[in-house]
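Trainee: I have a model open and would like to talk through its helix packing and its cores. Could you help me?

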Amino acid sequence: MKYIIIGGVAGGATAAARLRRIDEQSEIILLDKGSHISYANCGLPYYLGGVIPERDNLFVQNPHSFGERFNVKVRVEEEAIDIDTSAKVVTIKNRQGETYEETYDKLLLAPGAIPVLPPIPGVDNPGVFTFRTIADADALHQFIQDKKPSHATIVGGGLIGLEVAENLTLLGIKVLLVEREAQVLPMYDEEIVAPIHAKLKKQGIELRLSTSVVNISQDTNDLVVQCEKGEAVYTNLVLLAVGIKPQSSLAKKAKLALGARGGIRVNSFLQTSAEDVYAVGDAIEYPHPLTGEPWHCFLAGPANRQARIAADNMAVGNKITYEGSIGTAIAKVFDTNIAMTGLSEKQLVKQGIPYLTSTSHSASHAGYYPGSSMITTKLLFSPDEGKLLGAQCIGKEGVDKRIDQFALAIKLGASVEDLTKVEQAYAPPFSAAKDPVAIAGYVASNVQKGFMPNVTADKLHEIQEEGGIVVDVRSEKEFSHGAIPGAINIPLETLRDRVGELPKDRPIIVHCAIGMRGYLALRILEGNGYRNVFNLAGGYRTYSAFPHPTEK
C-alpha cells in the first residue's frame with residue numbers, strides 16, 4: 001500500500017504517524033509546500049511576544065527526525081499542484097520548480113486554511129502582515145527586530161487578533177485594534193465579552209468597534225490606516241487578522257466536491273467524493289452536530305482527532321465515523337481567560353432554535369483559600385428537556401477545566417440537570433464544595449423547570465418601560481455603590497417585613513449581586529402570592545457588564 005499525505009502540520013503529521021503505527025510495511029509520503037512540518041502554529045503569538053523565548057520550542061518534530069522515527073518520506077518545499085483521482089496520480093512541483101508525478105493507493109488532504117485578505121487598497125504595502133504560518137511569524141518578528149515599531153494596528157478582533165495584540169503590548173508597542181462588529185470575539189455573546197473590552201482598554205489597547213478599514217496607504221516611514229469611522233491613524237505596522245478560509249483550491253482543481261461554504265466535503269468517514277481520497281482539518285466542511293448545518297471548525301484538537309480517524313479508515317477500511325466538532329475554544333487575554341463550546345445565543349437566534357439561558361457567578365475554588373476568583377458562566381439549553389446547547393465562561397482561573405466538562409456534556413447529549421450529577425475532585429485549592437459546573441446546572445435547572453423565571457439584562461429596560469418594578473435586595477451599602485436606575489432597595493433580610501410595599505399587579509424583577517439572593521427573594525415573593533416575579537440573570541454583576549449606565 002502507498003499513502004500520500006498533502007499537508008504536514010497538525011492533521012497531516014498526525015495521520016502519517018498513526019498510519020505507520022497501524023501499518024509498518026506500507027510506503028508513506030508526506031508533502032508540504034512550506035519548510036517545516038508538525039509545528040505549533042497556535043503558539044506563534046507567544047513566540048512573537050517573547051513568552052516562548054526559543055523559536056525551536058515551536059517544533060514538535062523536524063522533517064528529518066519525523067522521517068526517521070516513523071519511516072516516512074518527508075518532502076518539504078514540495079507542492080502538490082494537481083491530482084488525477086481516476087489514475088491516482090499526484091503532480092508535484094519541487095523547490096527547483098520542476099514537476100514530477102507520484103502514484104498513490106490512498107490519498108489524504110490536510111492543506112489547512114489560508115488568511116482572508118480583505119479587499120482593501122494597500123494590503124500589499126510593506127509593513128502589512130498576515131499571521132498564520134511559521135513564515136508569517138518569522139517575517140513579523142524580523143520586522144519588529146529591524147524597525148522597532150512603536151505603534152501597531154490590528155485589523156480583526158478574533159482569537160488571533162487578541163493574542164497578537166497582547167503580545168505586541170508586552171513588547172511595549174502601542175496597539176490599535178479595529179473590529180467591524182460591535183465587540184471583539186464576535187462568536188461570543190455580548191455580556192461575556194464585555195469584561196474583555198475593559199481589560200484591553202486597561203492595558204492601553206485602543207479599540208475601534210463597529211467600523212472597518214477602507215484604505216491603507218504609505219506616508220514616508222509610516223502607514224496610514226483609514227477607517228469608515230474616525231480619523232486616519234498613523235501606524236508602523238498593520239496585521240490583518242480578519243479570519244481564515246479553507247485551502248480547497250487543489251481539491252477544486254481535482255474536481256472533488258466542495259461544500260456550501262467552500263470547504264472540502266467529506267462524509268462521516270472523512271472520505272471525499274473520490275473513493276480513495278480523504279480530507280481532514282481546517283480545509284474540510286462538516287455538519288455541526290447540533291444544527292446539522294455545514295460549518296468550518298478551525299481548531300487543532302478536532303483536526304488531530306479527524307486525522308486519527310481518517311488514518312484508521314484508510315488503513316483498515318471505513319469502520320470509524322466522525323461525530324463532528326462543536327467548536328470548543330479558549331483564549332487568554334492578559335490575566336483573563338474566556339472560553340466557549342457549542343452554540344452561542346447569536347447562533348441559536350440565527351438558526352431559529354428555541355432556547356433558554358442562565359447566568360451564574362461562582363468562585364474558582366474555595367473562597368477561604370487564597371487566590372480565589374470569580375467565574376461567570378452562561379448556559380444555553382432547550383426549554384423542553386433542558387438539553388445543553390452551549391456554554392461560555394470567563395474568569396481568571398479554572399475556566400479551562402469547566403468548559404471541557406460542558407463540552408463533553410454537550411457531545412453526550414446531556415441536560416442541564418445532568419450537570420448537577422458530575423462529580424468534581426474537591427479540595428480548597430481546586431474547587432468549592434459546590435463547583436461552578438454544579439452551580440450552573442442548578443441555576444439552569446431552576447430556570448428550565450420554571451422555579452426561577454429570569455430576565456436577561458438586555459431586556460430589563462423594556463420591562464421597566466412597561467411598568468415593571470426593579471427591586472434590589474442587596475444591602476444598603478452595596479446599593480449606595482451603584483445601582484440600576486429606578487431600582488428600589490429592599491435588603492433581603494427585610495423583605496418579608498416589607499413585602500406589602502410591592503404591588504401584585506405589576507411585573508417585579510428582583511436582583512442581588514450575582515443571583516443567589518435574588519432567587520431567594522423571588523421564592524419569598526411567590527410564597528406571599530406574587531405571580532409575576534422574575535430574577536435578573538447574573539444579578540448586578542452581569543447587568544453592569546452591558547454597555548449602559550449603571551450608576552445610581
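Mentor: Gladly; the questions below deal with helix contacts and nonpolar cores in this predicted model.

Trainee: How are α1 and α8 oriented to each other: roughly parallel, roughly perpendicular or oblique?
Mentor: Look first at the axes of α1 (residues 10–22) and α8 (residues 300–316), which come within 8 Å and cross at roughly 40 degrees. Angles under 35 degrees count as roughly parallel, and 65 to 115 as roughly perpendicular. The crossing angle therefore makes α1 to α8 oblique.

Trainee: Nice. How many nonpolar residues does the contact of α1 with α8 have?
Mentor: On the α1 side, the residues include A10, T14, R18 and I22, and they meet a set in α8 that includes A303, A307, A311 and V316. By class, the contact has 3 polar and 4 charged residues, and its nonpolar residues number 10.

Trainee: And α10 with α12: which residues of α12 make the contact?
Mentor: These two helices, α10 (residues 399–411) and α12 (residues 436–448), pack at about 50 degrees with axes 10 Å apart, so they are oblique to each other. From α10 come R402, Q405 and F406; from α12 come P436, V437 and A440.

Trainee: Turning to the cores, how many residues does the largest nonpolar core have?
Mentor: I6, F66, I83, V90, L107 and L109 have the most contacts inside that core. I6, for one, touches residues including L31, I83, V90, L107 and L250. A second, separate core has 41 residues, among them I375 and C512. For the largest core, the count is 48 residues.

Technical notes. Residues are numbered from 1 along each chain as its sequence is written. This is a predicted model: local features need pLDDT of at least 70, side-chain atom pairs count only at pLDDT 80 or more; totals for chains, interfaces and linings use all residues. Side-chain values use heavy atoms; hydrogens and water are left out. Axes are lines fitted to C-alpha atoms, for helices over the stretch in contact, and angles run from 0 to 180 degrees between N-to-C directions. Helices (H or I, at least four residues) and strands (E, at least two) are DSSP runs, numbered from the N terminus. Angles under 35 degrees count as roughly parallel, over 145 as roughly antiparallel, 65 to 115 as roughly perpendicular and the rest as oblique. Contact means heavy atoms within 4.5 Å. Ala, Val, Leu, Ile, Met, Phe, Trp, Tyr, Cys and Pro count as nonpolar, Asp, Glu, Lys and Arg as charged, and the others, Gly among them, as polar. A nonpolar core is a set of buried Ala, Val, Leu, Ile, Met, Phe, Trp, Tyr and Cys residues joined through side-chain atoms within 4.5 Å. Buried means under 20% relative accessible area, exposed over 50%, partly exposed in between (1.4 Å probe, protein chains only). Lists of a residue's contacts leave out its neighbours within four places in sequence.
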